[in-house]
Amino acid sequence: MKQAVLIYNPSSGKELASDYKDRVVEVVSSMGYEVQVNETTGPKDATRFAEQACKDTIDFVIGMGGDGTINEIVNGLAEQNHRPLFSFVPLGTVNDFARALGIPLNAEEAIEALKVGKEQHADIGKIGDSYFMNIVAIGEIASKVADTSVESKTRLGPLAYLLEGTKAILQDNEVQMKITHDEGEWSGGLTLVLTALTNSVGGFEKLAPDAEIDDGFLHLFIVHESGIPGFLRVGSKLLQGRIAEDDGVEYIKTKKVHIETSEELFCNVDGDEGTCTPVEIQVLPKHLRVLVPEKLENN
Ligand SMILES: Nc1ncnc2c1ncn2[C@@H]1O[C@H](COP(=O)(O)OP(=O)(O)OP(=O)(O)O)[C@@H](O)[C@H]1O
């Protein structure tokens with residue numbers, strides 16, 4: 001019999017994971033799997049469970065939790081030779097990877113969608129020694145968003161990100177950066193660098209409208225605009241899905257990027273605090289096999 005492992009975080013979202021666990025087991029069992037359930041208790045548990053699932057040559061890993069849990073699972077899968085088919089039920093406040101993959105944001109619908117899923121390849125990114133599925137953001141704003149606490153995210157939802165981001169803009173701190181990518185180099189005073197794998201960032205799905213989940217590229221946005229007026233203009237272009245056209249933004253498709261900064265900055269990796277600069281970021285094309293709702297197949 002095929003083997004599956006469910007890894008879920010009981011504290012995710014509005015703490016609804018436990019309510020959905022039994023239904024996931026029921027649905028995945030109906031797909032012909034024997035299902036083992038692993039509940040996380042704290043940081044990196046999901047990574048350890050995912051690594052173990054690979055070592056046990058499990059066929060299918062299902063995650064349930066917010067982007068933090070899904071990121072931890074991807075980190076557990078990424079380094080292993082045997083990488084099981086992967087899917088997940090999103091329970092976070094933002095759920096960027098689910099948006100990018102077309103997985104329903106409603107947990108009950110996402111669970112039912114497993115039954116009619118199709119396999120698709122997905123790129124992932126590597127930053128230093130860890131992996132991401134969605135975005136690395138570097139700059140004062142990015143550091144602030146990573147400061148948003150789990151409690152505050154649960155209470156305020158996406159508003160928490162907006163509040164923290166706005167506070168950071170008001171501080172108006174421009175850092176010197178040197179950015180080396182496949183097409184050359186950029187140096188100067190910068191407020192924000194975004195390195196995206198998908199089109200969905202911070203719950204907003206128009207950052208990189210051209211980005212496909214398996215296109216083999218990092219979509220690099222260098223925002224060299226500082227101050228509130230410039231940011232508002234960049235923000236309004238972003239809302240229209242046209243940020244790449246703004247004079248205050250460079251947009252480059254690259255497979256690798258190296259970023260050095262005049263002062264050490266934390267990188268915000270998939271919404272959480274990651275490593276510090278300097279950093280090297282690269283794409284690992286089609287590194288994961290994911291189960292997604294059928295309509296993505298023809299994209
Ligand atoms: N049982 C638990 N109780 C409390 N915290 C846990 C538990 N298990 C894991 N965690 C922590 O929860 C974190 C991830 O939370 P979650 O999956 O909700 O992501 P998130 O990034 O907060 O999601 P989002 O930002 O989309 O709401 C993990 O990094 C881990 O440290």
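**Loop residues, a buried helix position and the ligand shell**

In this predicted model, Thr57 is placed in the loop between α2 and β3 (60–65). The backbone at Thr57 has a positive phi of about 45 degrees, although the residue is not a glycine. Most residues other than glycine have a negative phi. Thr57 counts as exposed because 11 other C-beta atoms lie within 10 Å, and the limit for an exposed residue is 12 or fewer.

A second backbone feature of this kind is found at Lys44, in the loop between β2 (33–39) and α2 (45–55). Phi of Lys44 is near 70 degrees, a positive value in a residue other than glycine. Is Lys44 buried or exposed? Lys44 is exposed, because its count is 12 other C-beta atoms within 10 Å.

The helix α2 itself contains Ala53. Here the count of other C-beta atoms within 10 Å is 28, and Ala53 is therefore buried; the threshold for a buried residue is 20 or more. Which residues does Ala53 contact, once its neighbours within four places in sequence are left aside? They are Val5, Ile58, Val61 and Pro84. A further relation links Ala53 with Ile7: the two residues are 46 residues apart along the chain, and a distance of 9.9 Å separates their C-alpha atoms.

Attention now turns to the ligand. Its shell consists of 23 residues, and the closest of them are Ser11, Gly66, Gly68, Thr69 and Gly92. Two or more residues of this shell come from each of the elements α3 (67–78) and α7 (150–156). The most is given by α3, which supplies 4 residues. In terms of residue class, the shell around the ligand divides into 14 polar, 5 charged and 4 nonpolar residues. Glycine is counted among the polar residues in this division, a point to keep in mind when reading the list of closest residues, which includes Gly66, Gly68 and Gly92.

The last feature concerns a peptide bond. Most peptide bonds are trans. Thr277 and Pro278, however, are joined by a cis peptide bond, with omega about 0 degrees. Where does Pro278 lie? Pro278 is in the loop between β15 (272–276) and β16 (279–293).

Conventions: Residues are numbered from 1 along each chain as its sequence is written. This is a predicted model: local features need pLDDT of at least 70, side-chain atom pairs count only at pLDDT 80 or more; totals for chains, interfaces and linings use all residues. A residue is near a molecule or strand if its C-beta atom, placed from the backbone, lies within 6 Å of it. Two residues are in contact if their C-beta atoms, placed from the backbone, lie within 7 Å.
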